[in-house]
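Here is a short briefing to read alongside the model. Please keep the viewer open while you go through the points.

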Amino acid sequence: MSTTPLVTALNSLKQYIWHPCPLEACKTTGQIKRFIHVSTDEVYGETEEDAVVGNHEASQLLPTNPYSATKAGAEMLVMAYGRSYGLPVITTRGNNVYGPNQFPEKLIPKFILLAMKGKTLPIHGDGSNVRSYLYCEDVAEAFEVILHKAPRNNAPAQKSSLKFLIYGRTGWIGGLLGKICDKQGIPYEYGRGRLQERSQLLADIQTVKPTHVFNAAGVTGRPNVDWCETHKPETIRTNVVGTLTLADVCREHGLLVINYATGCIFEFDDAHPLGSGIGFKEEDTPNFTGSFYSKTKAMVEELLKEYDNVCTLRVRMPISSDLSNPRNFITKISRYNKVVNIPNSMTILDELLPISVEMAKRNCRGIWNFTNPGVVSHNEILEMYKKYIDPSFNWVNFTLEEQAKVIVAPRSNNELDASKLKREFPEMLSIKDSLIKYVFEPNKKTSA
Ligand SMILES: NC(=O)c1ccc[n+]([C@@H]2O[C@H](COP(=O)([O-])OP(=O)(O)OC[C@H]3O[C@@H](n4cnc5c(N)ncnc54)[C@H](OP(=O)(O)O)[C@@H]3O)[C@@H](O)[C@H]2O)c1
């Protein structure tokens with residue numbers, strides 16, 4: 001390489017200095033999730049002959065020829081864009097690649113071709129120099145890993161390289177998401193547009209320049225989902241037209257949407273009976289359309305499968321540590337005159353919403369049962385409530401038939417199989433352990 005003409009070598013640096021250069025362009029869009037700069041091990045210079053340990057990433061860069069000096073210079077520019085502008089850069093330092101169809105002037109094909117012609121093989125120096133080699137398919141595989149799994153080089157800039165656009169500012173889940181971003185130092189803005197207004201969503205994306213979009217907007221009905229039975233066009237407008245419009249606009253802009261959907265699109269059936277421990281899986285087709293709310297959500301989930309930029313999270317009976325929030329499942333059932341008693345899958349927001357943020361960073365897509373593993377019944381929760389919060393608390397149960405008389409639309413009861421989420425996040429707690437850790441222990445008012 002020491003014979004590489006200076007002018008050719010400078011091309012490596014020039015690509016980053018000349019305008020418009022890729023770094024500058026990526027900084028301007030603000031939408032790049034990974035910027036991989038392919039550098040070379042030659043930036044380290046020569047390794048001592050008797051070196052016991054090879055160069056590591058923090059080794060001093062001591063390029064010995066113009067080619068490697070320009071590669072080292074380019075690395076500096078890449079690093080600076082990562083540090084200054086939060087560009088999510090990754091620099092790889094590979095060494096000599098070999099494999100089929102390589103240019104004939106490279107060492108291995110050159111020696112093979114010369115040997116085939118019976119010619120002598122020219123070797124630098126006394127032949128004692130050593131080089132490391134990488135097979136081209138291994139290199140391609142390594143890039144695949146780096147692309148999908150590698151942390152970014154500039155750890156401190158990592159957070160600022162994210163920018164979330166969140167829909168649902170005034171809502172329960174949307175509000176909690178903002179607090180999580182505040183806590184984690186992730187820049188975010190709430191969307192101003194209505195979901196069904198394409199031009200407003202486009203304006204949000206242009207203004208905010210997000211890296212990820214979170215959809216916690218939806219019509220849920222007040223005081224409850226029965227509202228949707230008498231407001232069908234309004235429910236369709238947001239939950240169907242709006243959600244699909246957001247997915248479509250984001251797809252056009254290469255943006256991942258984390259979509260807080262619902263698991264209330266299933267009910268126990270012969271293949272998944274109550275108490276069996278057999279939960280509905282991600283690929284199962286919704287079987288509950290008893291309420292108009294659930295019907296619209298099931299229809300949209302089916303259509304969203306065609307959008308590969310969407311991560312659908314099936315939330316169920318969400319619970320948070322804020323026991324004063326009337327939307328909280330615990331708050332609801334502790335205030336009802338009578339409650340049914342059915343084991344169900346549920347979502348502990350304090351544990352799972354931060355997981356959804358991590359899912360965005362990991363670029364998770366497709367459908368996910370977004371509940372803690374296992375089920376918990378109404379009575380089991382109220383027993384915990386009595387134990388941790390109010391020993392004098394009592395409640396009365398009634399049957400599903402009796403419940404049907406006080407609500408307009410039927411409600412879904414089911415178990416979702418959370419093993420896909422558990423595989424991705426092995427530390428996730430079972431529903432009962434999560435309830436104790438995230439809800440009852442922090443709110444404990446008794447000596448339990
Ligand atoms: N809470 C639950 O029990 C539960 C269970 C499972 C799934 N989910 C799903 O999770 C999502 C969030 O639930 P949540 O409990 O946080 O709901 P929420 O408290 O009712 O909040 C809904 C949010 O959506 C916004 N919104 C409604 N229509 C909109 C539209 N057309 N364009 C833009 N924003 C709109 C509302 O804003 P405005 O006030 O400005 O209208 C509000 O900020 C919903 O899709 C819901 O279906 C909730």
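A residue counts as near the ligand here if its C-beta atom, placed from the backbone, lies within 6 Å of it. With that cut-off, 23 residues surround the ligand, and G171, W172, I173, A217 and G218 are the closest. Please bear in mind that this is a predicted model. The points below start with the ligand shell, move to the strands around β8, and end with the whole chain and a few individual residues.

**Around the ligand**

- Three elements, α6 (172–184), α9 (232–252) and β8 (256–262), each supply at least two residues of the shell around the ligand.
- Which element gives the most to this shell? That is α6, with 3 residues.
- Sorted by class, the shell holds 10 nonpolar, 10 polar and 3 charged residues.

**The annotated region**

- The unreviewed UniProt entry places the feature "domain: RmlD-like substrate binding" at residues 163–333.
- Over residues 163–333, helix makes up 39% of the chain and strand 14%.
- The C-alpha atoms at the two ends of that stretch are 37 Å apart.

**Strand β8 and its surroundings**

- Is β8 largely enclosed or open? All 7 of its 7 residues are buried, so β8 is largely enclosed by the rest of the structure.
- In a regular strand, the side chains alternate between the two faces of the sheet.
- In β8, L256, I258, Y260 and T262 point one way, while V257, N259 and A261 point the other way.
- L256, a residue of β8, is buried because 23 other C-beta atoms lie within 10 Å, where 20 or more are needed.
- The C-alpha atoms of L256 and H212 are separated by 5.4 Å, although these residues are 44 apart along the chain.

**Pairing with β7 and β5**

- Strand β7 (residues 212–215) runs parallel to β8, and 4 bridges join the two.
- Within this pairing, the bridge partner of F214 is I258 in β8, and V213 has V257 of β8 as its bridge partner.
- From β7, H212 and F214 point one way and V213 and N215 the other way, and all are buried.
- Strand β5 (residues 164–167) is also joined to β7 by 4 bridges, and these two strands run parallel.
- L165 stands opposite V213 in β7, so to follow V213 across the sheet, look to L165 and to V257 in β8.**Pairing with β9**

- β8 and strand β9 (residues 310–315) pair in the parallel sense over 6 bridges.
- N259 stands opposite T312 in β9.
- Together, β8, helix α10 (residues 292–304) and β9 make a right-handed β-α-β unit.

**The chain as a whole**

- The secondary structure of the chain comes to 16 helices and 12 strands.
- The chain has a radius of gyration of 29 Å, well over the 22 Å that the globule rule gives for 448 residues, so the chain is more spread out than a compact globule.
- Taken along the principal axes, the C-alpha atoms fill a box of roughly 95 × 45 × 45 Å.
- Of the 448 residues, 34% count as buried.

**Backbone details worth a look**

- The peptide bond from R222 to P223 is cis, with omega near 0°.
- P223 is found in the loop between β7 and α8 (226–229).
- M317 has a phi near 40°, which is a positive value in a residue other than glycine.
- The place of M317 is the loop between β9 and α11 (329–335), and M317 is buried, with 23 other C-beta atoms within 10 Å.
- N363 also has a positive phi, near 65°, and is a residue other than glycine.
- N363 lies in the loop between α12 and β11 (366–369).
- Is N363 buried or partly exposed? N363 counts as partly exposed because it has 14 C-beta neighbours inside 10 Å.

**A residue in helix α12**

- L352 lies in helix α12 (residues 349–361).
- With 25 other C-beta atoms within 10 Å, L352 is buried.
- L352 and S294 are 58 residues apart along the chain, and their C-alpha atoms are separated by 22 Å.

Notes
Residues numbered from 1 in each chain as written. Predicted model: local features only at pLDDT ≥ 70, side-chain atom pairs only at ≥ 80, totals over all residues. Nonpolar A, V, L, I, M, F, W, Y, C, P; charged D, E, K, R; others polar. UniProt positions renumbered as here; feature names shortened; annotations may be inferred. Buried ≥ 20, exposed ≤ 12 C-beta atoms within 10 Å, placed from the backbone. Pairing = 2+ DSSP bridges. Right-handed = clockwise from strand over helix to strand, strands pointing away. Rg over C-alpha atoms; globule rule 2.2 N^0.38 Å.
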